[in-house]
Structures are given as structure tokens and as C-alpha cells.
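Colleague: Got a minute to walk me through this one? Start wherever you like.

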Amino acid sequence: MTTFILRRLVAAFFIVLGSSFIVYMLMANAGDPLAFTTEIASPTVRETVRASVTDALNLDVHPVARYFLWLGDVFQGDFGISARTQQPVIDDLGGRLLMTLKLVGAATVLSILVGISVGIVTALRQYSGFDYTTTFFTFVFFSLPVFWVAVILKAVGGIDFNDWLRDGAEFPAWLIVATGLAAGGICYSIAGGPLHRRLTIGAIGAGVVTAILAYISSTGWILDPGFGPIVIALFAVGIAFGVTAIMAGLGNRKALHSALTTAAIGVVTWFPLQLVFDDDGMNIWRLFGLGIVAIAVGSIVGYAYGGFDKGMSARTSAVVALLLSCVIFVDRAMQSWAEYSSSSVIRNRPIKTIGDREVRLEGSFWVVTNDTFSHLILPTVALMLISLATYTRYSRASMLEVLNQDYIRTARAKGLTERTVVIRHGFRNAMIPLATIVAFDIGGILGGAVITETVFEWNAMGRLFQTGLLSLDPNPVMAFFVVIATFAVIANLLADLLYAVLDPRIRIGS
Amino acid sequence: MIPEVVNPDAVGPDEISLEQREIAGLSQGQIVRRRFLRHKGAMAALVLLIFIVLLATTSIGFGPFPGWWKYASNTVVPPNPDQSPTMSLRPTWLGGAGVTIGDHPFGLDNEKGRDMFALTMRGVQMSLVVIFVLALLSVTIGVVLGSVAGYFGGWIDAVLMRLTDMILVIPLLLIAAVAGYAFGAKGVWSVALVLGLFLWTSLARLVRAEFLALREREFVDAARVGGASSRRIIFKHILPNTVGTIVVSTTLLMGSGILTEAALSFLGFGIRSPNVSLGSLVNDYDGAFSSRPWLFIWPGVFIIAIVLCLQFIGDGLRDAFDPRQKRIPKRKDLESAAEIDRAMTRGNRTIGGH
């Protein structure tokens, strides 16, 4: 194993080296980095700038030699200076990378979660109306040019949505009815069993969604959102039952009870937590800390219930605790929405289409959190549409492949419950190829955010590349490539290792 | 009353034997063609794609051939105070302007004096040229490199695959952008060449994987014992077996080629003025979305339509080439097959065999 990793690391190193050489040569061919100096009016200043940039970028030596000089600097952690600004590239590289990770991270996590769930459901209900509709939409999403969608999102999701908020945030009646019917149709398609059961579930789905939308519309909930303890309690019970049904089965009473206990603890701690949240020292690390505490409490509750399967109870309760923490977090963030939205710099146009944050905004941690969310939402949707389609299709194909295996038939034949067959025998094995795809994708997605960053004017990694290339500035472009390529090769290596860990049939290094 | 569930096995032949009977005596090509023609999504997509190609080539003409549309993509159109599209699909009895295309079906751009329909058709033509050239180029490179690497193995494989990795490690859009700049690619052909030079990597990998599996098969050994040269084995014995993979991934590659070309043009690195492509049109008019959305919408709609068609066709081809693909037969088919079965066994019992 160690030899395998070492060999792959060495190979990865040389791959990055090789591809950086290719890009460096292309870049050297692309044009004169000094072209911008013609804009400088004073001849003496122009000559000084030319001389200093030529010296710093070694423009007077042959490109191949220049590459090795550049490489020597990179090994010492120096990515050189930008010809255009004469500032070291490394200065804001970290900040830009963090910004891109923020953008890509939210979109990736969400699309993996949603994509896999939808893919699994379509595989389980193959050839249903839901399956056909989803498949059609994954094809459409695949075909969408991201920049085109992003521009439309900016207009519709940004400007029109903000106008709609200003006009009182009421849904038109036809929209409520149509959404309700669509939700009912989806529930009907997903539900299994005899016709009358599916019809009932469909009707309930349609009714619930219509009622919620009507409530939201009539009370202007979006203008001042929040859950409050009662809705959170409903969420908690729902989460407890849902997670238990998926992970342990409702027949597992100990798991169900520990999940419900965890949910109850969560709802009760909602009250003291508000004080903690309102503390001035609240920051992102405290938030993470609270999340970890919640998971720990969940696990302890699960163990405390004992029984032969206490590990399962602990896992179930931990997931319940995590999800409930997310709900409580969202609730607290929502409470500050009105304050954020009405602040003097936002002026009731909360959904932002430009940049990653409002620099002039001052306020508590929660106001800033709202600001981050409202900047993230549109680019995240744009990025998600496409990766969502990828993950849905892969997980559907992978799940179908597994469900057609003989051992699934065996599992059904020996009388295991449908949940055990689908989750334990099917889902776990279907995830093996998917894990490698996800790891592989994360490597590539960093570079794929260039267009989204351009449309939404995020001054992050993609911008570094685009402005660098447009002004024929080699060092920023090369810094971008080195970071992206390193991420990609490491992700590939992880994908291979993950496969070996997850699938015992694969043996590496032997 | 709930009807009893009919067990297909009890009625007669099961799904597999029905499928086998349908394809008995047909060549591989015929089987694939039949399966493809039965794929409804793929057929609909094929019809739509042919329609788009015909519309784009005949309307404004292609090369030296004139078209039937009154404007060319570079004709200066007299400005009109109402720039919005004149195409209407709502009949007069529904309160619309009737089913008509009018003078400027996709609207017009007064600032540049261009008819949007002619301009969009020009963009479609150029995008089609781009994907055609890049498909040709990347298939050639990918197939040659992939088959050589897979067939010979050893250090040739190692070198070629490391080269593939080097290109694969960088997102296609970015390396194409840098290369386009390096080679000064602004026109249709040069952008297509640049994209083709970097798009072959996934195809090379797929072809190599197929070769690795196929070269161990008995028919390859038989050919080698029979004295066939390596070149003959590669091109006559192994390559025809990989056609399915190549055709399917080329179709999908053409789809992603359009998107990549459009994205390149959008970032300002691809096809640039005076050349137009669908991507450069979207780029030119992205600021006009709120005031004159038709300038922006139509090129995008055509990108989506073409890529969507290619996706569906690729999906249909994949199903057609996949030997494991089972069609779910309709109960009607199974029953009628069982009927024929019974008739056959009654009538032909004396003949025997099959």
C-alpha cells in the first residue's frame, strides 16, 4: 500500500510538472506580457516598468530556461509577480482559493446529497413517471450552458425576486395550485404499493405543500422568516422518524427511542441556545463546536440505551442530532434576516448578484451569515444544476446495476425487509463507484467554476486566471494552473485509494 | 376488481427468449440499427437535429450557396423602432397575431443593424462546423493513441498514458483558452482545431481500456497465429469491436464540444468578432437580457437544443450497442409471441429442430 501511494505520488508530481511545462510554453507563446506598457504615457516610467518586469519575469531568457527559473522559484514557495500589477501573486492566492472553495464547496455538497437521493429514488422506481421526468431534466441540465443560465438567474433570481420581495412577497394563486399539484404528482410517483395508497400519499403531498405555500404567501413569512419552537419540534419528530426509518428501520425500538430522545433534547436546548447564539463572541468556530457537541450528545444517548446494537442507535441519534442542529442554525439565521434585509446598505434588496460579500455591511455574526448566504445562493444554484444532473445519472445507473445482481435477489428471497435490501445490500455497494466519481469530480470542479465566478463577479481563483490570460500575464495563470492541477491529481489519487478501501475485491500494490 | 397479475413465464416465452427470437438471423449492424430506430427519444432527437441543420444551412445559405431567407448574417438591416421578435405562434382567434414569422422572427438588433434570425443561424452553422471538425480530429487522435497504447502496452502505453494524464489533469476549458491564445485562434477553424487537440483524452482512455480487454481474446490469438501483422490485427480485428464505444462517446463529445466552445467564446477566448458562434452571440448580448431578452435567449436556446439532441442520440446509441441491454417487452408482445409459439408447436411438431 505504502509503495503504491509513493509510486502514485511520484507519478502525480511528474504529471503536474509536465502539464505545467505545456501550459508555460503555451503561455510564453500567447503574447507579450509587456503589451500593457504602451498605455503608460510617460516614456521614462514606461522604460522603468519594462525593465523591472523583464527582470522579474526573466523575459530576456529563452522560454525553456525561463520555465526552469520559474520552477526553481515555485519550489521555494514563490509564484513570482504579476506583470500587470507588479505585486507578488502569492499575496492573495490563499484568500482567492478560500473564496473559490466556499463557492464550490456549498454547491458540491448540496448536489451530491440531492443528486444521490434523487438518483436512488429513480432507480427504485424505474420506469415511473418520476423516473422519466427526472431523466429528461437531467438531460436538459446537462445541456445547459452555465453562463447562459447564470445570466438568466441574475435577472430572474436577483432583480425580479428582489422586486417581488418589495411588492409584499405574495405568490399568485395559480403558482400555489400548480406547485401543489406538481408536489402531489411527485409523491404519487415515488410512493410504492397499491393504487389507493399512492393516491392517498399524492393527495397528502399536494395538500401539505399547498397549505404551506398559502400560509407563507398570506403571512409574508419570507420577509421575516423563522421557525419558532413548535415548528422545530415538528421537524425534530419528523427527522427522528425519518432517519430511523432509513438507517435502522422503525422496528428497531431502541434506535427509535434514542432518536426521539435526542430530538427532544435538541428541542429543549433551543431555548438556552438562543442566549449562546446572541453572545457577542459568536463565530464560525463556536458554531462548529456546538455541532460537534450535538453529535457527541446524540452518540451518548444512543449508547446509553444499550442493547446488542447500541452502535446503530448511536449512529442514528448522531445523525438526528446533526440534522436538528442544522435546523436550529437555519432558524437562528432566519431570525436575523429582517435585520439584514432592512439594513442601510442592503436597502431591502437582499439577494445579491455580484461578489461574495457586502464589504460595507456591519453587524452581528448572524447578519454576516445572512449576507454570505444571499451572495452564495445564485452562483450555487448555477453550479448545482449541472453537477446535480451528473450525480443523479451516475447514482441511478450504479444503483440499477447493483439491484440487478443475483445477491439482491437472494437477499429478497431469504425474506429481508425492503429497507435492509435497498440500504444495506444495494445502496452501500452502489456508493462504491460513486465515491470515486465524486473524488474525481471535486478535482475538476475547482477549475469549472471559472465561468460562474466571471458571471457573478467573484474575485476568486477563476478571475485570477481570466484576467491573467486576458492581459497575457504568465505568473497568475501559472499559479492558478499549479493549484488546480495539484488538486486534480490528489483527487485522482484519493479516488483510487477510496476504491481500494471500499471494495475489497480491488487490491493495490500487490 | 383488481385483475390478477399475469406471470409472463406462465404465458409462454420470457423476455430473453423473445428478444433472442427477434434478433435471430440478423447481423450485428442490423441489430444495432433496429434497436436504435426503436429508441423513441433518440429518434425524436435525430429528427429535431436534422431539422436544425437543414434550417441553419438552407435559410441563410452555406458557403457559395444562397439561402431562402431575405437577410444574410452580415446584411445591414434598416432599424425599426420595434425590435422585438415578430414570430407569433398564437392564432388570431386566440387574440394573437396569427401563426406567422414576420420580418424578423427572432427580433433585430438596431445598434448593429442585424437580423437576429440570420445571425443565430450563422452561429448555429459555425458551432456545427466546430463540433464536426473537433470530433473528426479528436476521434482520429484518440483512436490511434488509445489503440496503440492498449495493443502494444509496455513503455509505449506508459508514455502515451502519462501524456494523456498531463492534458486530462487541467480542465479542458482552461487549456483550450491558453492554447487558443497561444495559436491566435479567433476563427471557426482554428478554435475547432485547438479544441480537437485537447478533447481526445477521454476517448483515448476508453479505446485503450477496450483494447486491453480485447487483445487477450482468442480471436486475436487466432489472427496472430495466422500470421496477421499488428496493423492488421488492430484495424481489422480489434477496432471494429470498439465501434460502439467510439460512436457513443463521440456523440457525447460533440455535445460537450459545443458547450466548451460556447464557454470559451463567452470568456472571450474563443471565436471572436467578426466571426460569430452561438457562444459569442450569448457573450455579445448578455448585458441586453433585461431590456432586449430575445437577443440573448435565442442563441442559448439553440445551444441547448443541439446539445440535448446529441445527448439523446448518444443515449440511444449506447442502448443500441450495449449487448446487455434488455428491452422490456409489452405484455401484448409476450402474449402474441406465446400465441405464435403454440401455433408453431402444433403445426411444425414433425419438422423438429429450430
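Modeller: Start with chain B. Of its 354 residues, 41% are buried. Keep in mind that this is a predicted model.

Colleague: What does chain B have in the way of helices and strands?

Modeller: Chain B has 15 helices and 2 strands. Among its contacts between residues at least 6 apart in sequence, 69% join residues at least 24 apart.

Colleague: And chain A, how many helices and strands there?

Modeller: Chain A has 19 helices and 0 strands. Buried residues are 37% of its 510. Its C-alpha trace spans about 85 × 65 × 45 Å along the principal axes. For contacts in chain A between residues at least 6 apart in sequence, the share joining residues at least 24 apart is 73%.

Colleague: On to the contact between the chains. How many residues come from each chain?

Modeller: Chain A puts in 38 residues and chain B 34 residues.

Colleague: Which helix of chain A gives the most to that side?

Modeller: Helix 1 of chain A, with 9 residues. Several helices of chain A supply at least two residues each, including helix 5 (129-143), helix 6 (146-166), helix 16 (418-448) and helix 19 (474-502).

Colleague: What's the make-up of chain A's side, by class?

Modeller: The side of chain A that touches chain B has 28 nonpolar residues and 10 polar ones. No charged residues appear there.

Colleague: Let's stay with helix 1 of chain A. At what angle does it pack on helix 6 of chain B?

Modeller: About 65 degrees, with the axes 8 Å apart. The two helices are therefore roughly perpendicular to each other. The crossing is right-handed.

Colleague: Which residues make that contact?

Modeller: From helix 1 of chain A: A:Ile15, A:Gly18, A:Ser19 and A:Ile22. From helix 6 of chain B: B:Arg162, B:Asp165, B:Met166 and B:Ile167. By class they split into 4 nonpolar, 2 polar and 2 charged.

Colleague: How does helix 1 of chain A pack against helix 19 of chain A?

Modeller: The angle is about 155 degrees and the axes are 10 Å apart. That makes helix 1 of chain A roughly antiparallel to helix 19 of chain A. Their crossing is right-handed.

Colleague: Which residues meet there?

Modeller: On helix 1 of chain A, they include A:Arg8, A:Ala12, A:Ile15, A:Ser19 and A:Tyr24. On helix 19 of chain A, they include A:Pro474, A:Val477, A:Phe481, A:Ala485 and A:Leu493. The residues of this contact divide into 15 nonpolar, 3 polar and 1 charged. A:Ile15 and A:Ser19 are also among the residues that meet helix 6 of chain B.

Colleague: Switching to the core. Which residues have the most contacts inside the largest one?

Modeller: A:Phe147, B:Ala176, B:Ala177 and B:Val178. That nonpolar core has 172 residues. Another core, of 22 residues, lies apart from it, with A:Val243, A:Met247, A:Ala255 and A:Ala294 among its members.

Colleague: What is B:Ala177 in contact with?

Modeller: Leaving aside neighbours within four places in sequence, B:Ala177 contacts A:Leu469, B:Leu264, B:Leu267 and B:Phe269.

Colleague: How many buried residues does helix 10 of chain B have?

Modeller: The count is 0 among its 8 residues, 218-225, so the helix is hardly covered. Just after it, B:Gly227 has a positive phi of about 90 degrees.

Colleague: Which residues other than glycine take a positive phi?

Modeller: A:Gln86 is one of them, at about 60 degrees. A:Gln86 sits in the loop between helix 3 (63-75) and helix 4 (93-124) of chain A. A:Tyr127 is another, with phi near 65 degrees. A:Tyr127 lies in the loop between helix 4 and helix 5 of chain A.

Colleague: Is A:Tyr127 buried or exposed?

Modeller: Exposed, because just 9 other C-beta atoms lie within 10 Å, and the cut-off for exposed is 12 or fewer. A:Gln86 is exposed too, with 11.

Colleague: Last one. Where is A:Leu250?

Modeller: In the loop between helix 9 (228-247) and helix 10 (253-278) of chain A. A:Leu250 is exposed, with 12 other C-beta atoms within 10 Å. Beyond four places in sequence, A:Leu250 touches A:Thr244, A:Ala245 and A:Leu256. A:Gly415 is 165 residues from A:Leu250 in sequence and 17 Å away in space, C-alpha to C-alpha.

Technical notes:
Residues numbered from 1 in each chain as written. Chains lettered and ligands numbered in written order. Predicted model: local features only at pLDDT ≥ 70, side-chain atom pairs only at ≥ 80, totals over all residues. Core = buried A, V, L, I, M, F, W, Y, C linked by C-beta atoms within 7 Å. Buried ≥ 20, exposed ≤ 12 C-beta atoms within 10 Å, placed from the backbone. Contact = placed C-beta atoms within 7 Å. Helix = DSSP H or I, 4+ residues; strand = E, 2+ residues; numbered from the N terminus. Nonpolar A, V, L, I, M, F, W, Y, C, P; charged D, E, K, R; others polar. Axes fitted to C-alpha atoms, helices over the stretch in contact; angles between N-to-C directions. Parallel < 35°, antiparallel > 145°, perpendicular 65-115°, else oblique. Left-handed = near helix turned anticlockwise from the far one by under 90°.
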